[in-house]
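Let's walk through this one together, from an annotated span to the ligand and what surrounds it.

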Amino acid sequence: MPEKFDCIVVGAGPAGTACAYELAKAGVNVLLLERGEYPGAKNVMGGVLYRKMMEDIIPEFYKEAPLERPIVEQRFMLMDKESAVTFSYKGLEWGREPYNNFTVLRAKFDQWFAEKAVEQGALLVCETVALECIVENGRVIGVRTDRPDGEVYADVVVLADGVNSLLAKQLGFHREWRPDEVALAVMEIVKLDKKVIEERFNLEPEQGCTIELLGDATKGILGTGFLYTNKDTLSIGVGTLLSGLIKHKIKPYELLEYVKNHPMIRPYLQGSEPVEYLAHLIPEGGYHSMPKVVGDGVLVVGDAAQLVNAIHREGSNMAMTSGRLAAETIIMAKTYNDFSESMLDHYRLKLMESFIVQDLKKYKDATHHFDSFPQYFERYIPLLNRAASQLFTVDGSSKWEKQKTIWRDLGSVKEKLKLARDVMKVWEVMK
Ligand code: FAD
């Protein structure tokens, strides 16, 4: 390992690899450190990969990357115990070039992406844990690793080490995340015949579908479940705020078993065989929880910077874009040979102007709002299901009578007013 690099990137997830790829392409001497046996070995995602942000880095990547299926349909199920109100968008244009998004399996995808960074000239070193940043006179000048000859130096270090980012924490960039700032997601990949998947999800060959599950999928706890189609596997999972799990004293694997056996989901999984069980944290604190992202000689990207839009289940796209923006900043800093915090602050400004911080700002109060008012999941989703059942049951009563029954089911005048206020509040936090 040479002693000094232009840049060290810690973590070969989408954020770190995007950064290393862009730097290496520009001729920057970059070391990409990964603790896993190979990139992706420890990484978890549902997972939907967004074409646009990946193409900003590698145009037409979909012609060679190990992708599962292009998604042509996004469904949403608002679930009660024995029913679901479902809505969806299906667009065949998403199944053709240039596509919209794809399902991926991270173990394959991350490995491929890191190989592309290596082709550009990045040095990838796996099975190496970055233990801490080496700081001199307040400036990060390198990284101490768990290797015997473990110190490596660089002009600038990029922390792309994921949600816990121990290195950013050691630098004092963020505190320990609170249980209402991180979700714990558990998922299984289950094997199922390709043709059976296509029949069950009403797909043509090579088309994919995602289903987001709300309400009873998480037993009313704030969070979502998901069911995604891969080539010959399905990804089934559930993620809820840690605070919700603690409050309801539920173990995450119990929730996963619950959703797998839910009568609305069980038929999709029938005959499938589990092949992998995964668990991971997701940073969901949003805008209010964003840590400091630049310092002298150091930048923070991806999950390590809490860049996840929980409402739209976007994280990999924000990770890649933040990695790319960090690389652009480093390339500029290199031309001035200035890696001070004020120079690297251009990265923070780029983030602020990008869709990343714009979207985090848009939903800045959403998670907290839904977490504080459990009635949305616990009361209103079952109410919606009962209303749909009432309306669509043909039993000889007139539609006026049905309307009255639904109205009565909304509760007392006080409860109806509360419902109206809650609907307005949703508009306020989501607009
Ligand atoms: P990570 O992917 O976590 O990568 C961090 C890397 O750093 C890892 O490779 C890790 O091994 C390495 N590392 C950590 N510490 C060290 C260290 N000290 N030294 C060396 N290496 C280290 N996003 C979407 O866009 N779409 C989805 O459908 C989606 N679904 C999700 C489902 C689940 C169950 C989960 C958990 C997340 C999901 N996300 C999804 C979020 C998405 O996975 C993340 O936002 C994204 O992976 C962040 O990328 P990253 O590179 O910042 O971090």
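Start with residues 6–190: the C-alpha atoms at the two ends of this span lie 43 Å apart, and the span is 20% helix and 36% strand. Helices here are DSSP runs of H or I with at least four residues, strands are E runs of at least two, and both are numbered from the N terminus. The unreviewed UniProt entry annotates these residues as "domain: FAD-binding"; such annotations may be inferred rather than shown by experiment, and positions follow the numbering used here, with feature names shortened.

A quick word on ground rules: this is a predicted model, where local features need pLDDT of at least 70 and side-chain atom pairs count only at pLDDT 80 or more, while totals for chains, interfaces and linings use all residues. Residues are numbered from 1 along each chain as its sequence is written, and side-chain values use heavy atoms, with hydrogens and water left out.

Now to the ligand. It has 35 residues around it, and Glu 34, Val 48, Arg 106, Asp 303 and Ser 316 come nearest (being near takes a heavy atom within 4 Å). By type, that shell splits into 17 nonpolar, 11 polar and 7 charged residues, with Gly counted as polar and Asp, Glu, Lys and Arg as charged; Ala, Val, Leu, Ile, Met, Phe, Trp, Tyr, Cys and Pro are the nonpolar ones, and the others are polar.

The backbone joins in too. A polar backbone atom of Gly 315 sits 3.0 Å from a ligand oxygen, and one of Arg 313 is 3.3 Å from a ligand nitrogen.

Methods. A polar contact is a pair of N or O atoms within 3.5 Å; within protein, one must be able to donate a hydrogen and the other to accept it, and residues adjacent in sequence count only if both atoms are side-chain atoms.
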